[in-house]
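Please find below a short note for the file. The points follow the order in which they are best checked against the coordinates.

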Amino acid sequence: MPHHSNHFCLNHRLGTQQGFSLVELILVIVIMAIIAVGSTQFIVNSVKGLNDVTHRDSLANNLRISMAKIENQLQSSLSNSVRISHARNTQCVEMLPIKASAFYVSGSFANDVANNRLSTIDTIALNYNALGLKVSLGTSDSSLLYSADTHSVAKQKAAKNSEFSQLSFLSSPSLNTAFLQAAQAKLVYFVDQAISYCIVAGDLYRYSDYKVSLKQPMPETLPKREPKRVLLNQGLGSPSNFSFLPDQSLFTLVLSTAKGAEQITITQPFWLSNE
């Protein structure tokens, strides 16, 4: 009898060690719930953070694309043609894109410009049909570049077996003086239509194919429809700005955008040169 009693007690003790109490099960459930909630919150925060980064990168990328277009246009334009104008909720930068360039060697300048006497210049390495294009020097100021005088090439004559080309154009006293003061073998440029970029109430537009005038045009007098007016960006903030220091040929472009509490501003300074 004592032998059976000891065996029953041993089995009873083993049985109690093989299970879990209700309290232990509840604790496990609570701990797993806490871990699940924490993991879910971590995943949600991670996804939200990734979405925020993607959204910010998308906004910044849109600004970079617009900035690259403006910078490329400025770098391929006459640096001394760049001019900026501001109005209420509007600012514009205008430039004259270079169509062709050549080395100016010598010239014969008409004194009787009142009677439409043509001036002539000799150029080297002009592999372009410059007829109708305006003649310009890198030393010309913007008032001369945008003046009512055409300064356009009326005749282009290429010398036989030579890289020289003789150009004839209706000149003006101011342009004649600029050529006479220029050193030999200096670059001469040929320009045509102007290009403008304007920020109008937060929208960035590109304007082209419009009449050049001495006074810089603003959006109310610029083309209203595509393809002469093209929308490049929207939702730009007040920090967006054009600025230009002619003495240093330093142009600074600032574009800013915001969505909700998120604001991104990119500042891009660069130097303009036609050398």
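1. For the burial assignments in this note, a residue counts as buried when its relative accessible area is under 20%. The model under review is a predicted one. Cys198 has a relative accessibility of 0% and is therefore classed as buried. Cys92, likewise at 0% relative accessibility, is assigned as buried too.

2. How many disulfides does a search of the whole structure find? The search returns 1 disulfide. Cys92 and Cys198 are the residues joined, with an S to S distance of 2.0 Å. Cys92 belongs to strand 2 (residues 90-95) and Cys198 to strand 9 (residues 195-200), so the pair, 106 residues apart, links distant parts of the chain. As a general matter, a disulfide is a covalent bond between the sulfur atoms of two cysteines.

3. On the geometry of this link, the angle about the S-S bond is 115°. The connection of Cys92 and Cys198 is right-handed.

4. Strand 9 also contains Ser196. Is Ser196 buried or exposed? Its relative accessibility is 0%, and Ser196 is therefore buried.

5. Which side chain makes a polar contact with the side chain of Ser196? The partner is Tyr210, at 2.7 Å.

6. The wider surroundings of Ser196 may be listed as well. With neighbours within four places in sequence left aside, Ser196 is in contact with Val93, Glu94, Tyr205, Arg206, Tyr207, Tyr210 and Leu222. Tyr210 thus appears in this contact list and is also the side-chain polar partner of Ser196.

Key: Residues numbered from 1 in each chain as written. Predicted model: local features only at pLDDT ≥ 70, side-chain atom pairs only at ≥ 80, totals over all residues. Heavy atoms only, no water. Disulfide = S-S within 2.5 Å. Helix = DSSP H or I, 4+ residues; strand = E, 2+ residues; numbered from the N terminus. Buried < 20%, exposed > 50% of the residue type's maximum accessible area, 1.4 Å probe, protein only. Polar contact = N/O pair within 3.5 Å; in protein donor to acceptor, adjacent residues only side chain to side chain. Contact = heavy atoms within 4.5 Å.
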